[in-house]
Amino acid sequence: MARRGRAARLTERAAWRPPTGRSLEEKSLSEHGLAAPERKVGRVLLIACGALAREILAIKEANGMDHLDLTCLPAKLHLYPDQITKSVEAAVLKHRAVYDEIFIGYADCGTGGQLERKCAELGVEMVKGPHCYSFFEGNDAFANRSDAGEITAFYLTDFLVKQFDAFIWRPMGLDKNPELRDMIFGNYTTLVYQSQVEDPGLLAKAKECANRMGLRFEHRHTGYGDLETQLRDWTQD
Amino acid sequence: MSEEEDDIILSELDDEELVQQMFDDLYDGLKEEIEESVNILLERNWQPYDILTKALVGGMTIVGADFRDGILFVPEVLLAANAMKGGMAILKPLLAETGAPRMGSMVIGTVKGDIHDIGKNLVSMMMEGAGFEVVDLGINNAVESYLEALEEHKPDILGMSALLTTTMPYMKVVIDTMVEQGTRDDYIVLVGGAPLNEEFGKAIGADAYCRDAAVAVETAKEFVARKHNQMSA
């Protein structure tokens, strides 16, 4: 008799490994992150979320931040927020002997203050705010919107629009169990697409995501928001 | 192995095998199989309360533990909960008729500014399964909503849930208001939600932080028993 249930599915959780990715392709950033440069170039290292890699590199280029090196942890850590703090700590300990300064390109990101406490203990600064939706919009503006009652919005950034199926639809089981849609998203009313770059293709895809989720669509072009301000503050001598 | 060999005929399993199979079917979110198994056990003269606790709650406890350990994820837990609901729908009217032990009562809701309710719904369901009477206030509850419900229903337990780092501090607003009004010690306050931890629960003055639905049930039972012991002492 074939077993069903737990015995048929029990799998080991993969142990954390340093980021190994070398590509800026979103799937690679989700799964493998972005490895630190093999040879140190800058004197400052930013350890960030893979979902921010392209945005950080664009800010770096626009602002001539040549002394900034970047490594990114796999964006998929957001599916298990408890692993973010441990992974950030491991990355700081791995690189701190080599770099003059290290900064953390994560906001709280669902860690319930644990990442903030760990960063304080390690003596490194992190991005201010609860999550990327907030700092892209601007933390003050985002908080004002929440206070004004915007609590039923589901947010997507450029990265999340590109990775919608891999990051949201499939992990939520909606490819196999579409009946779960309303159990998962039933309390949301609107999909807010916060774009970082102007891209008609992404805008069309974001609208399609809203349709699939059964939500109203709203587009707000945020650019890089407080992320750019924060990086400039950190890299000013 | 042929498909025929794979088929499991639920009615041919003995009681022990069938309960084990229900654990597996809950784990796989197989609602129809769970409903069929519940009906088979009823036909075998099982008490509705025993089916609920030994088969359904027992199975969901395994699901809860594996969710906590990162073996199962949200969609699988939702499918399991849906299967359990199917079983409970059959049992509920029978439980009302046959009379099941009543463990206590709970008012539960997600805090103001937060619309996430997957975890809260699981706790409600598991608490009901464990014999608690549950008043579910839904999502986005202001302090007034909690206080009115406490006043109206006089439960043993107040449960609060939050998924967002930005909304979880609101639990302290509710507890502080209860302290101001002198009602805090009338209730057991349990809190839960993904970004919370034990330290946070202590800091805001809750009685306990519950990391998942199964822990919530065990914690609730323990605190209610303690409360009853204190009252009878």
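**Figure 1. Here are the two domains of chain A in a predicted model.** The C-alpha centres of domain 1 and domain 2 of chain A sit 24 Å apart. Domain 1 of chain A takes in residues 12-128 plus 225-235, while domain 2 of chain A covers 139-221. Where they meet, 8 residues of domain 1 of chain A are in contact with 8 residues of domain 2 of chain A. On the domain 1 side, helix H2 of chain A chips in the most, with 3 residues. Sort that side by class and you get 2 nonpolar, 1 polar and 5 charged residues.

**Figure 2. This one zooms in on helix H3 of chain A, residues 53-62.** Which residues of the helix are buried? They are Ala53(A), Arg54(A), Glu55(A), Ile56(A) and Ile59(A). And what covers them? The cover includes helix H2 (26-31) and helix H12 (225-235) of chain A, along with strands E1 (44-49), E2 (68-73) and E3 (101-105) of that chain. After H3(A) comes Gly64(A), which has a positive phi, near 60°.

**Figure 3. Meet His131(A), a loop residue.** You'll find His131(A) between strand E4 (125-126) and helix H6 (132-137) of chain A. Is His131(A) buried or exposed? His131(A) counts as buried, because 20 C-beta neighbours lie inside 10 Å. Leaving out residues up to four places away in sequence, His131(A) touches Ala107(A), Asp108(A) and Cys109(A). Tyr106(A) is 25 residues away from His131(A) along the chain, yet their C-alpha atoms are separated by 7.6 Å.

**Figure 4. Now for an open, three-stranded sheet in chain A.** The strands run in the order E5-E6-E7, with parallel pairing. Strands E5 (153-156) and E7 (216-221) of chain A are at the edges, each pairing on one side only. Neighbouring strands here are turned by 25° against each other on average, if you ignore direction. Strand E6 of chain A (residues 190-195) pairs with E7(A) over 6 bridges. To spot one of the matches, look for Ser195(A), whose bridge partner in E7(A) is His221(A).

**Figure 5. Over in chain B, strands E1 and E2 pair up in the parallel sense.** There are 5 bridges between E1(B) and strand E2 of chain B, residues 132-136. Gly104(B) stands opposite Phe132(B) in E2(B). How many of the 7 residues of E1(B) are buried? The count is 6, so-called "mostly covered" for this strand, which spans residues 104-110.

**Figure 6. Here is the largest nonpolar core, with 70 residues.** Leu26(B), Ala80(B), Met84(B), Met126(B), Met127(B), Met171(B) and Ala216(B) touch the most other members. Helix H5 of chain B (residues 74-98) gives the most to this core, with 9 residues. Why does the core lie between domain 1 (10-100) and domain 2 (102-233) of chain B? Both domains give residues to the core, so it lies between them. Zoom in on Ala216(B) and, leaving out residues up to four places away in sequence, you see it touching Val123(B), Met126(B), Met127(B), Leu190(B), Gly192(B) and Cys210(B). Apart from this core lies another, of 55 residues, including Ala51(A), Val92(A), Phe103(A) and Tyr106(A).

**Figure 7. Finally, this is where chain A touches chain B.** In all, 27 residues of chain A are in contact with 30 residues of chain B. The chain A side divides into 12 nonpolar, 11 polar and 4 charged residues.

Definitions and conventions: Residues are numbered from 1 along each chain as its sequence is written. Chains are lettered from A and ligands numbered from 1 in the order in which they are written. This is a predicted model: local features need pLDDT of at least 70, side-chain atom pairs count only at pLDDT 80 or more; totals for chains, interfaces and linings use all residues. Two strands pair if DSSP finds at least two bridges between them. Helices (H or I, at least four residues) and strands (E, at least two) are DSSP runs, numbered from the N terminus. Axes are lines fitted to C-alpha atoms, for helices over the stretch in contact, and angles run from 0 to 180 degrees between N-to-C directions. A nonpolar core is a set of buried Ala, Val, Leu, Ile, Met, Phe, Trp, Tyr and Cys residues joined through C-beta atoms within 7 Å. A residue is buried if 20 or more other C-beta atoms lie within 10 Å of its own, exposed if 12 or fewer, and partly exposed in between; C-beta atoms are placed from the backbone. Domain bounds come from an automatic or database domain assignment. Two residues are in contact if their C-beta atoms, placed from the backbone, lie within 7 Å. Ala, Val, Leu, Ile, Met, Phe, Trp, Tyr, Cys and Pro count as nonpolar, Asp, Glu, Lys and Arg as charged, and the others, Gly among them, as polar.
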